[in-house]
Amino acid sequence: MDNTLEKPNNRSADMFTRYIGETVLAVGAHPDDLELGVGGVLARLARQGTKVVMLVVCVPHHLKERVAQAQEAAKILGAEIRFLYTEKEMRVEDIKTYELVEHVDQLVRKLDPAAVFSHSMTNFHKDHILVHNACLAAQRLHFFDFYCYYPTSCHPVTVPFRPQAYVDVTSTMDLKMDAINRHTTQFACKGLTTDHYRDVAREYGRLAGVEYAEGLEVVRLRLA
């Protein structure tokens, strides 16, 4: 009699079954940040029964165009999108810190998310760090799992980022790239390519033993 236990091949599905029927909140400083950093994960979550809310803090330029592009990208990922400031073009640094924290607090109270995705603390853009800190402060309201995604920039830059978790996004990689490429004011109009985001996902995939993966820093995670 063979008493060998079969090991279910469901390790990559753990994150997605964890949040079925729940809400997750993903916060980015600008349009395109979330698609670049965690678009594959958000698309998989939405596809598998999670309500995904993308929050964009502000738009520094090309306001109408970038809002429209972000809405198109969110639709591709299957997510709902919200903006903190759309009345004028502005930067995160223009927002008082306590106001930014209060805005994030209000949304966390309203949505009661099971998880929050935010910028990493190690980031090329200092305004991304301001958003990270506002999300970090929201942890005092109630418990939610907290992840940080790959540092985002239109140009490839060397930034220290050491993820503790890798998520298989092979099935949603094309959706991620489609969503990224909707942001023409950031890429196509400037003559910039987006290929390096596929390359990053391919490299993380090699580390995780899949075709494509996104890396996440795990700030806080409750285990049953």
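How many bridges join strand 2 to strand 3? Strand 2 (residues 51-56) and strand 3 run parallel and are joined by four bridges, where helices (H or I, at least four residues) and strands (E, at least two) are DSSP runs numbered from the N terminus, and two strands are taken to pair if DSSP finds at least two bridges between them. The structure is a predicted model, in which local features need pLDDT of at least 70 and side-chain atom pairs count only at pLDDT 80 or more, whereas totals for chains, interfaces and linings use all residues. Residues are numbered from 1 along each chain as its sequence is written, and side-chain values use heavy atoms, with hydrogens and water left out.

Strands 2 and 3 belong to an open sheet of seven strands, which follow the order 3-2-1-4-5-7-6 with mixed pairing. Strand 3 (80-83) and strand 6 (165-168) are the edge strands, each pairing on one side only. Neighbouring strands of this sheet are turned against each other by 30 degrees on average, direction ignored; here axes are lines fitted to C-alpha atoms, for helices over the stretch in contact, and angles run from 0 to 180 degrees between N-to-C directions. Within the pairing of strands 2 and 3, Met-54 has Ile-81 of strand 3 as its bridge partner.

Helix 2 (residues 33-47) lies across strand 1 (23-28), strand 2, strand 4 (115-119), strand 5 (145-149), strand 6 and strand 7 (213-220), and runs at about 165 degrees to strand 2. Helix 3 (residues 63-77) has 15 residues, for which a span of 21 Å is expected, and this agrees with the 21 Å between its end C-alpha atoms; the expected span is 1.5 Å times one less than the number of residues. Among the buried residues of helix 3 are Leu-63, Val-67, Ala-70, Ala-74 and Leu-77, buried meaning under 20% relative accessible area, exposed over 50% and partly exposed in between (1.4 Å probe, protein chains only). The buried residues of this helix pack against helix 2, strand 2, strand 3 and helix 6 (173-181), with contact meaning heavy atoms within 4.5 Å. Gly-78, which follows helix 3, has a positive phi near 85 degrees.

Twelve salt bridges are counted in the model, each defined as a side-chain nitrogen of Lys or Arg within 4 Å of a carboxyl oxygen of Asp or Glu. One of them joins the side chains of Glu-80 and Lys-51 at 3.8 Å, N to O, and this pair links distant parts of the chain, since Glu-80 lies in strand 3 and Lys-51 in strand 2, 29 residues apart. Glu-80 counts as partly exposed because its relative accessibility is 30%, and Lys-51 likewise counts as partly exposed, at 39%.

Two further salt bridges lie in helix 7 (residues 195-208), where Asp-199 and Arg-202 are three residues apart, about one turn of the helix. The closest N and O atoms of Asp-199 and Arg-202 are 3.0 Å apart; Asp-199 is partly exposed at 42% relative accessibility, and Arg-202 is partly exposed with a relative accessible area of 29%. Arg-206 and Glu-203, also in helix 7 and three residues apart, form a salt bridge whose closest N and O atoms are 2.7 Å apart. Glu-203 is partly exposed at 39% relative accessibility, whereas Arg-206, at 56%, counts as exposed. Elsewhere, salt bridges that share partners join Lys-51, Glu-80 and Arg-82 into one network.
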